[in-house]
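Q: I would like to learn how to read a protein model, one feature at a time. Could you guide me?

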Amino acid sequence: MIIVNTDYISGKELEMLALVKGSTIQSKHIGKDFTQGLKTLVGGELKEYTQMMNEARALATERMVAEAEALGADAVVNVRYASSAVMQGAAEVIAYGTAVKILNK
């Protein structure tokens, strides 16, 4: 599966299939949330949250690709990511793009 953030793939003719997306809501357990809260007092990277968001993006991407594959897509173009806080310590990540079929393989 080809995944790009442009609306084209160089040298390829594309047939648009549908909007596809994948999302997840992630949080850290209370112990990790507490220690990361203390970290905000001294500053620096909140590594537990960085890891959580990386895992969330990977899972959202997997779900988007699965939706595209179910449509028979060869690629997803114009891929974007968005995130939002759902509650303190929990975030939603969504990956979305356009599933396409490559006509001139």
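Q: Which residue just after α2 takes a positive phi?

A: Happy to help! Keep in mind that this is a predicted model. The residue to look for is Gly72, whose phi is about 85°, just after α2. Another glycine with a positive phi is Gly89, near 85°, in the hairpin of β3 and β4. That hairpin has 2 residues between its strands.

Q: What is the order of the strands in the sheet?

A: To read a sheet, list its strands side by side, then look at how neighbours run. Here the sheet is open and has 4 strands, in the order β1-β3-β4-β2, with mixed pairing. β1 (2-3) and β2 (14-27) are the edge strands: each has a single partner, so one side of each is left without a neighbour in the sheet.

Q: In which sense, parallel or antiparallel, does each pair of strands run?

A: Take the pairs in turn. β1 and β3 are parallel, with 2 bridges, and Ile3 stands opposite Val76 in β3. β3 pairs with β4 in the antiparallel sense over 10 bridges. β4 (residues 90-102) also pairs with β2, again antiparallel, over 13 bridges.

Q: Which residue of β4 is the bridge partner of Met16?

A: A bridge partner is found by looking across to the next strand. For Met16, that partner is Val100 in β4. Val100 is also the bridge partner of Ala75. As a general idea, side chains in a regular strand alternate between the two faces of the sheet.

Q: How many residues does α2 have, and how far does it reach?

A: A helix can be checked by comparing its span with the expected one. α2 has 24 residues and reaches 35 Å from first C-alpha to last, close to the 34 Å expected at 1.5 Å a residue.

Q: Where does α2 (residues 47-70) pack?

A: It packs on the sheet, where α2 touches β1, β2, β3 (75-87) and β4. The direction of α2 makes about 145° with that of β2.

Q: Is Thr61 buried or exposed?

A: Here we need a cut-off: a residue counts as buried under 20% relative accessible area. Thr61 has 15%, so Thr61 is buried. This residue lies in α2, and its contacts, leaving aside neighbours within four places in sequence, are Ile3, Tyr81 and Ala95. Other buried residues of α2 include Glu48, Tyr49, Met52 and Val65.

Q: How many residues are in the largest nonpolar core, and which have the most contacts inside it?

A: To read a core, look for buried nonpolar residues joined through their side chains. The largest one has 15 residues, and those with the most contacts inside it are Val20, Met53, Met64, Ala68, Val76, Val93 and Ala99. Two or more residues come from each of α2, β3 and β4, and α2 gives the most, with 7 residues. Try finding Val20 in your viewer: beyond four places in sequence, Val20 touches residues including Met64, Ala68, Val76 and Ala99.

Q: Which residues belong to the other core?

A: Apart from the largest core lies another, of 6 residues, among them Leu14, Ala75, Val100 and Ile102.

Q: How far apart are the C-alpha atoms of Leu14 and Ile102?

A: This shows how sequence distance and distance in space can be read together. Leu14 and Ile102 are 88 residues apart along the chain, yet their C-alpha atoms are separated by 4.8 Å. Leu14 is in β2, and its contacts beyond four places in sequence include Tyr8, Val77, Val100 and Ile102.

Terms used
Residues numbered from 1 in each chain as written. Predicted model: local features only at pLDDT ≥ 70, side-chain atom pairs only at ≥ 80, totals over all residues. Heavy atoms only, no water. Pairing = 2+ DSSP bridges. Contact = heavy atoms within 4.5 Å. Axes fitted to C-alpha atoms, helices over the stretch in contact; angles between N-to-C directions. Core = buried A, V, L, I, M, F, W, Y, C linked by side-chain atoms within 4.5 Å. Buried < 20%, exposed > 50% of the residue type's maximum accessible area, 1.4 Å probe, protein only. Expected span 1.5 Å × (residues − 1).
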